[in-house]
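Student: Could you walk me through the packing in this model? I would like to reason it out with you.

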Amino acid sequence: MGDWLGRTIELDVTNFAHGGVSVARHDGRVVFVADAIPGERVLARVSSDSKKSFWRAETVEVLEASPHRQPHVWDAAALDRDPVDRAGGAEFGHIELAHQRELKRQVITDSLARMARLERDVTVEAVPGDDERAGTGWRTRVRLHVDDQGRPGPFAARSHRVIPVTSLPLATAELEASAPLGERFDGYESVDVLNPSTGGVRLIVGNQKPSVITERVGEREFRLADSGFWQVHRGAAATLTEAVQSAIDPELFDPQAANLDLYGGVGLLAAAVADRFGPSTRITSVESDATATDFAAENLSEWLGARAETGRVERWVAALAASAGTSERERLARATVVLDPPRAGAGRDVVEAVARLKPAQVVYVACDPVAFARDTALFADLGYHLGGLRAFDLFPHTHHVEAVGTFTRT
């Protein structure tokens, strides 16, 4: 392999893999190649020998272009730059927006077929306004890393090398205009730039003390720490609110059941449930971050049946399953569980703990299709079938995609 590292090879790109890279073969060996599109012939530089079973490579020239190739939306990540100098975070920027969604659809359906033995199709839906902006101008949060000269910028693709840039086309116009791209931040590791829906743009430099911001979703406001988690796309919170509300089968929903919002953050999806089903809705939001839980309690305070608890989800749910008495088990069996885990997915411990509660339905919000497919297989083995499924392009010009699925007992 050492003889090939750094060499340029000609590749016919055949298909697409999760993670934002395409797949080719060279002398029978799998090559994961960046900045290419299935159907293209490219010259690519071999960049990694970390695994004997496959290589990694970066496209340096396109010999036969896909009809779906477009000029990159970000010059800092374009093909005319050396691969080591390309900014990361827009790995689909060279692909037409409609075809990006087709590739994301394929990843979801292929993952479900491969990992869950489930043949399902889905349409990847655009967030309103994204097509009009060609998939740019949506990021409300950007982390800039600082190099050893104090210059801020994104990391290079698949690297921790800071790339100074002059533009941030995926960011909202307000954020891009305020981002301190030409300034120096000696002694700091990072600068976060936020453009919440109220209050204007703000910077978080290093480990400065958090302050409170307000995000508005429709007519509702949510308070949270500026260092806390919130959906990055300007329209994501509203999109997921509607998606979760629509995913719940009203025939199976009981406002007085022991409804749960797991990985609840500051209460966005618990509020979505309560807004749809009324002020008498009982729902408990569970989140491991104590600061977020405190904000969730405040954000959910208008519903008398809503509460927020701090705890690791797998431990909290397992303890609930072990301690629930007969009446509590009856309320859990009528419950709706909203599950919004991190990118790694819920995992076996959480899925098994949730299944032991025997809820009427589970609404799963997934930000990783492979993790979602793995958890779908776990739920199936425990008697829960995937019914409704939608997908949303909450991260244009990247490989990320969000899915919302509903599981019910078989």
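Student: Happy to start with one residue: which residues does Val-244 touch, leaving out those up to four places away in sequence?

Tutor: This is a predicted model, where local features need pLDDT of at least 70, side-chain atom pairs count only at pLDDT 80 or more, and totals for chains, interfaces and linings use all residues. Residues are numbered from 1 along each chain as its sequence is written, and side-chain values use heavy atoms, with hydrogens and water left out. Contact means heavy atoms within 4.5 Å. By that rule, Val-244 touches Leu-269, Val-273, Val-338, Val-363 and Val-365.

Student: Thanks! How many residues does the largest nonpolar core have?

Tutor: Such a core is a set of buried Ala, Val, Leu, Ile, Met, Phe, Trp, Tyr and Cys residues joined through side-chain atoms within 4.5 Å; buried means under 20% relative accessible area (1.4 Å probe, protein chains only). Val-244 and Val-273 are among those with the most contacts inside the largest core, and its size is 61 residues.

Student: Which helix gives the largest share of this core?

Tutor: Helices are DSSP runs of H or I, at least four residues, numbered from the N terminus. The largest share is 7 residues, and they come from helix α4 (residues 268-277).

Student: And are α3 and α4 parallel, perpendicular or oblique to each other?

Tutor: Helix α3 (residues 236-247) packs against α4 at an angle of about 50°, with axes 9 Å apart. Axes are lines fitted to C-alpha atoms over the stretch in contact, and angles run from 0 to 180 degrees between N-to-C directions. Under 35 degrees counts as roughly parallel, over 145 as roughly antiparallel, 65 to 115 as roughly perpendicular and the rest as oblique. Therefore α3 and α4 are oblique.

Key
Buried < 20%, exposed > 50% of the residue type's maximum accessible area, 1.4 Å probe, protein only. Helix = DSSP H or I, 4+ residues; strand = E, 2+ residues; numbered from the N terminus.
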